[in-house]
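Reader: Could you pick one spot in this model and look at it up close? I'd like to start from a single residue and then follow the contacts outward, in plain bench language.

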Amino acid sequence: MIAENLKQVEENICAACKRVGRNRDEVTLVAVSKTKPVEMIQEAMAEGMVAFGENRVQELMDKLEKIKEPLQWHLIGHLQRNKVKYIIGHVCLIHSVDSFRLAEQINQESEKRQIKTDILLEINIADEDSKFGLKKEQVIPVLKQMAVLPYLRVRGLMTVAPFVENAEENRKHFQNMKKLMVDINQKNIDNVYMDILSMGMTGDYEVAIEEGATIVRVGTGIFGEREKKLQY
Ligand SMILES: *Cc1c(COP(=O)(O)O)cnc(C)c1O
């Protein structure tokens, strides 16, 4: 099932790229394996997948212990400051940074290990009360603060768009994310140049690609539905 799903997702990504004249290699597919067993990750690995997304630190650490092959792990869920120390050096990108205090903690733990950590700023692009993330108008001030943290690289922006029936409803939010990134890059803030746009999930990744996503995070579309109680 996973092999077939991956093939379908790959076809959809290619078609979306083609519709807007983008190269397939401008888009990275991250397979979101949260709540799913290691065996399913290994099935995806057998199909050539190397990038996986998890949203809980404990679950990520458990899986890291069981899978010895080098993979690209993406932390995509809300991150508490006291958990940062466990993941630094083990993840290639933290998608969900939404405060200066969290960035400071990541900087500090990265300094201890003498490595730079790549992060994205999570944006609450539709201003939903239920969502984590910075509001649009908070982004520039926070970026200016973060720009001086030497063990951190702010690589771009991430959003979890609203849950909608029709993916087209999210097109405007993806357009706003792209615009926000262009605006930020035009401000020429020292040490800030961003090129990663992480947006689009199973329901809307094709629209996200049409609007400029460079990373799409697909869970259900690859691994199937998650159990309701494990939905998070
Ligand atoms: C669960 C999750 C996804 C994947 O969601 P699907 O709809 O199953 O593709 C993507 N991004 C984040 C932040 C998630 O928590």
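**Starting at one loop residue**

Author: Leaving aside its neighbours within four places in sequence, E211 is in contact with R171, F174, Q175, K178 and M199. Keep in mind that this is a predicted model. So where does E211 sit? Its place is in the loop between α8 (205–210) and β8 (215–218). Buried or exposed? The cut-off for buried is under 20% relative accessible area, and E211 has 17%, so it counts as buried even though it sits in a loop.

Two of those partners, R171 and F174, are buried residues of helix α7, so let's go there next. The helix covers residues 171–186, and its 16 residues should span 22 Å at 1.5 Å a residue. Its end C-alpha atoms are 23 Å apart, which agrees. Which residues of α7 are buried? R171, H173, F174, M177, L180, M181, I184 and N185 are. The cover over them includes α6 (139–146), β6 (152–158), β7 (196–198) and α8. Just past the end of α7, N188 takes a positive phi of about 50°.

Another loop residue also reaches α7. I125 sits in the loop between β5 and α6, and at 9% relative accessibility I125 counts as buried. Neighbours within four places in sequence aside, I125 is in contact with K136, T159, H173, N176 and M177. H173 and M177 were both on the list of buried residues in α7, so you can look at this patch from the helix side too. As for K136, its C-alpha atom and that of I125 are separated by 6.7 Å, although the two residues are eleven apart along the chain.

From that loop, step back into the strands. β4 (residues 93–97) is mostly covered, with five of its five residues buried. What pairs with β4? On one count, two bridges join β3 (residues 72–75) to β4, and these strands run parallel. L75 stands opposite I94 in that pairing. Two bridges also join β4 to β5, again in parallel, and here V97 stands opposite L121. To get from β4 to β5 the chain passes through α5, and this β-α-β crossover is right-handed.

The connecting helix has a residue worth a click. S110 lies in α5 and is buried, with a relative accessible area of 0%. Beyond residues up to four places away in sequence, S110 touches I88, I115, T117 and Y151. Follow the chain on from α5 (100–112) and you meet Q114, in the loop that leads to β5 (117–122). Q114 has a phi near 55°, a positive value in a residue other than glycine. In contrast to S110, which is buried, Q114 is exposed, with a relative accessible area of 56%. T35 has a positive phi as well, near 70°; look for T35 in the loop between β1 (28–32) and α2 (38–46).

Now for the nonpolar interior. In soluble globular proteins, nonpolar side chains tend to be buried together. Here the largest nonpolar core has 69 residues, and F52, I94, I106, L121 and L157 touch the most other members. Helix α1 (residues 2–19) gives the most to this core, with six residues. Zoom in on L121, the residue across from V97: residues up to four places away in sequence aside, L121 touches H95, V97, L134, V139, L143, M146, V154, G156, L157 and M158. There is also a second, separate core of seven residues, and V30, L93, L120 and M158 are among them.

One last stop is F52, another of the core residues with the most contacts to other members. How many aromatic pairs does the structure hold? It holds one. F52 and W73 form it, tilted, at 5.9 Å centre to centre with 40° between the planes. F52 lies in strand β2 (residues 51–54) and W73 in strand β3, so the pair ties together parts that are 21 residues apart in sequence. Both F52 and W73 are buried.

Notes:
Residues are numbered from 1 along each chain as its sequence is written. This is a predicted model: local features need pLDDT of at least 70, side-chain atom pairs count only at pLDDT 80 or more; totals for chains, interfaces and linings use all residues. Side-chain values use heavy atoms; hydrogens and water are left out. A nonpolar core is a set of buried Ala, Val, Leu, Ile, Met, Phe, Trp, Tyr and Cys residues joined through side-chain atoms within 4.5 Å. Buried means under 20% relative accessible area, exposed over 50%, partly exposed in between (1.4 Å probe, protein chains only). Helices (H or I, at least four residues) and strands (E, at least two) are DSSP runs, numbered from the N terminus. Contact means heavy atoms within 4.5 Å. The expected span of a helix is 1.5 Å times one less than its number of residues. Two strands pair if DSSP finds at least two bridges between them. A crossover is right-handed if, with the strands pointing away from the viewer, the path from the first strand over the helix to the second runs clockwise. Rings of Phe, Tyr and Trp (its six-membered ring) pair if their centres lie within 6.5 Å; planes under 30 degrees apart count as stacked, over 60 as edge-to-face and the rest as tilted.
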